[in-house]
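Student: I'd like a close look at one part of this protein, with its surroundings described piece by piece. Could you take me through a pocket and then some of the elements elsewhere in the chain?

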Amino acid sequence: KSSLFCEMCCDLKRRFLLLYATQKGQAKAIAEEIWQQAGAHGLEADMHCMSEVDKYNLETEKDPVVIVISTTGTGDPPDTARKFVKQIRDTTLPPDHFAHLQYGLLGLGDSEYTFFCNGGKTVDRRLQELGARHFYDTGLADDCVGLELVVDPWIDGLWLALKEAFLLQKEKEGMSSDVDAVSSSLSSAPHIMRELNLSSEVQNLNLEDEGVTSSDALTQKRVNINLVASTTDTEPSLVHSVPPVSQSALNIPSLPPEYIEVQFQDTHGENPHLSSLVSEGTAFEVPVTKAVQLTREDAIKTALLLELDIADTVFDYQPGDAFYVICPNNVNEVEELLHALGLSEKGECFVCVKVKQGTKKKGATHPQHIPERSTLKFLLTWCLEIRAIPKKAFLRALVECTSDVGEKRRLQELCSRQGASDYTRFIRDSNVCLLDLLHAFPSCKPSLNLLIEHLPKLQARPYSVSSSNLYQPGKLCFVFNIVEFPACPARPLSRKGVCTGWLAELVAPLLHTNKNTLDTKGGSSSTEKIPIFARPNNTFHLPADPSVPFMMVGPGTGISPFIGFLQHRQKLREEHADWEFGETWLFFGCRHQDRDYLFKQVHYLTDELRCFLENGTLTHLKVCFSRDSSTAEVAPPKYVQDVIRLYAKEYRISEAIDKRKNFFRLFFFFLFFPRDKKHMADGVSDAVVDILSMEMEVDKLEAMKILAMLREANRYLQDVWS
């Protein structure tokens with residue numbers, strides 16, 4: 001029956017179009033996994049990036065289409081999908097434009113952000129509007145809890161859905177007799193389909209892995225049973241499992257094909273300039289001229305303000321813009337990794353990276369973020385994200401580099417379907433990186449080419465501008481919290497964020513703390529420089545009409561771009577005394593009034609917020625402190641959304657709308673940095689809906705429509721950051 005079924009399936013059309021749109025590589029990696037599994041299912045995946053519009057044509061596509069698409073920013077499609085999305089959003093397209101198209105879509109997102117999976121939802125919704133039909137239900141994977149919780153079962157179910165789509169396709173082409181035969185085969189032998197679904201996409205640990213003999217597999221199973229029996233640990237950990245995982249046969253991913261080869265050369269030559277690492281703009285190396293600690297020593301988080309001198313560059317910005325900092329990996333961690341790889345003596349040697357001849361990897365190309373020639377140390381310092389949380393495909397590849405039987409088994413468990421919860425708990429949630437794995441599994445000795453294949457690009461880090469070029473010509477300020485990763489059982493050492501830790505160490509010599517700063521407006525000069533490049537924000541800007549009132553909500557370091565807004569507004573008021581300026585509100589929240597009330601009292605800054613109030617630049621300042629206790633009869637509000645509700649009457653929202661034109665003059669700006677960013681952003685949105693409902697005397701549904709209108713008109717602007 002099995003051979004009969006396979007024969008009949010082989011007679012059917014087996015090609016499908018596989019499109020992916022990725023921002024940081026997640027969607028591409030998942031698409032590559034689908035491509036790899038497709039071959040084992042007797043199917044051919046014609047895989048392309050969505051941006052490669054010259055290589056596919058949905059308007060004439062007859063085969064099923066599988067789409068994997070991520071989300072970036074505040075619900076935007078990734079850069080590689082922008083052209084595609086623009087094309088399908090063409091309002092002149094008829095409603096049956098894609099009536100011939102059948103597709104399945106897998107969206108990737110993060111539920112901590114308000115517009116979860118909006119990139120995928122946007123494409124899905126528009127394809128439906130244009131007449132396309134699902135052959136497989138849409139999957140929405142959440143990076144907040146683990147993409148694999150949706151991705152793995154979605155891929156598992158894809159193969160049967162595709163084969164059913166092919167059957168229907170053949171039926172439409174008049175091959176009903178073959179279809180009846182295959183359908184009968186399917187109904188009478190469901191176990192055959194299950195066998196087809198599982199046997200080739202995963203490898204069962206009781207069978208042989210590539211390069212593992214049958215006797216090895218049996219020995220491995222026997223050793224692990226003995227280990228489980230002899231251990232006294234009853235709780236699982238990164239290196240130790242407990243039943244049922246420790247006693248299960250495992251379904252593990254197929255081994256990714258190698259596609260990179262590395263050749264070591266001599267120590268002569270020069271490394272690429274850092275500007276060559278930037279593909280989306282011009283990089284500038286600029287000096288740090290000032291560093292100020294904005295929080296007290298006993299604050300839960302340490303916030304720093306840095307001032308950069310951009311006078312000798314053509315770097316330009318507006319308040320509300322952001323920019324990128326090109327940062328290196330930690331020097332000690334790079335040295336530690338070189339030691340773990342046994343390459344300590346070769347750090348200064350140049351390496352030449354090429355695509356391996358004869359590789360089985362589909363469309364293998366030289367990674368854009370890897371120089372063709374650089375020193376090994378440069379590669380590990382500036383090009384690869386060595387702190388990245390290893391994906392399951394990487395763990396699967398590491399299995400082959402591990403000699404200890406027990407360690408090998410545990411790595412297999414962590415990348416298996418049965419070990420999904422262990423992966424989430426001990427790797428993903430614990431922020432475990434490659435170095436942690438090499439410490440935990442000392443017999444694992446990966447090759448350099450494996451790291452280049454599986455470690456992602458070291459991303460530049462974006463920061464919001466906290467100044468105005470009009471107010472401080474030639475200067476750029478920004479504010480950040482030093483990110484801390486505390487030690488945990490899976491990672492015994494605490495760490496600072498890659499970029500924030502580097503910046504804090506870089507500016508330590510010129511850092512001014514509240515405790516010991518004596519100067520008033522000066523500050524030490526510095527020879528330290530940091531590489532930056534622009535990241536313009538096309539919407540998060542002050543209204544062009546200065547008479548338009550606006551409201552700013554920025555808890556924690558979310559206040560920083562609004563300092564730039566207010567500096568800019570103050571300078572405009574000084575230069576244009578005859579202009580009419582609208583009212584401004586600022587809502588700020590922090591934990592403690594005396595520890596982390598940013599910009600209230602920093603010695604050289606004076607009380608910047610008070611100055612804005614006194615000179616009329618800022619009309620209203622409302623603050624709240626979530627961790628301070630109060631002895632007042634009526635406790636003050638603790639969170640910004642509560643303060644917004646409390647002072648709703650003062651906004652005079654009903655006066656800010658021209659009901660004849662249904663037009664708002666009021667602008668809303670919201671910027672969130674906190675850990676529970678989505679919940680706070682939603683809380684503020686709910687508060688605004690309540691106020692609109694109350695002040696405009698409409699029901700909640702109508703108020704939500706007004707808020708949607710404000711979003712559409714770019715008058716309710718929300719910037720949510722990690």
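Tutor: Happy to; what follows begins with a pocket, then turns to a sheet, a helix and a single residue. Please keep in mind that this is a predicted model.

Let's start with the second largest pocket, whose volume is about 460 Å³. Its lining is made up of 28 residues. If you want to find the middle of the pocket on your screen, look for Asn-330, Asn-332, Glu-333, Arg-387 and Arg-495, which lie nearest its centre. Four elements each give two or more residues to this lining: the helices α9 (331–340), α14 (434–440) and α16 (498–507), together with the strand β18 (495–496). Of the contributions to the lining, the largest share comes from α16, with 5 residues. As for chemical character, the lining divides into 13 nonpolar, 7 polar and 8 charged residues.

Now for the sheet. Here 3 strands form an open sheet in the order β9-β13-β14, and their pairing is antiparallel. At the edges sit β9 (260–264) and β14 (373–375), each of which pairs on one side only. From one strand to the next, the twist averages 30°. You can follow the pairing of β9 with β13 (residues 350–355) in detail: the two run antiparallel and are joined by 5 bridges. One pair to pick out is Gln-263, whose bridge partner in β13 is Cys-352. Lying across β9, β13 and β14 is helix α10 (residues 376–383), which runs at about 90° to β14.

Further along the chain is helix α11, spanning residues 392–399, and this helix is mostly covered, with 7 of its 8 residues buried. Its buried residues include the nonpolar Phe-394, Leu-395, Ala-397, Leu-398 and Val-399. The charged residues Lys-392 and Arg-396 are also on the buried list.

Finally, a single residue that rewards a closer look is Thr-584, which belongs to strand β22 (residues 584–590). Thr-584 counts as buried because its relative accessible area is 0%, where the cut-off for buried is under 20%. Setting aside neighbours within four places in sequence, Thr-584 has contacts with Phe-550, Met-552 and Arg-569, and also with Thr-617, Leu-618, Thr-619 and His-620.

Technical notes:
Residues are numbered from 1 along each chain as its sequence is written. This is a predicted model: local features need pLDDT of at least 70, side-chain atom pairs count only at pLDDT 80 or more; totals for chains, interfaces and linings use all residues. Side-chain values use heavy atoms; hydrogens and water are left out. On a 1 Å grid over the protein atoms alone, a cavity is a set of points where a 1.4 Å probe fits but cannot get out, and a pocket is an open set with protein on both sides within 12 Å along at least five of seven lines; lining residues have an atom within 4 Å of a point. Grid points are joined across faces, edges and corners, and a volume is the space filled by probe spheres set on the points. Two strands pair if DSSP finds at least two bridges between them. Axes are lines fitted to C-alpha atoms, for helices over the stretch in contact, and angles run from 0 to 180 degrees between N-to-C directions. Contact means heavy atoms within 4.5 Å. Buried means under 20% relative accessible area, exposed over 50%, partly exposed in between (1.4 Å probe, protein chains only).
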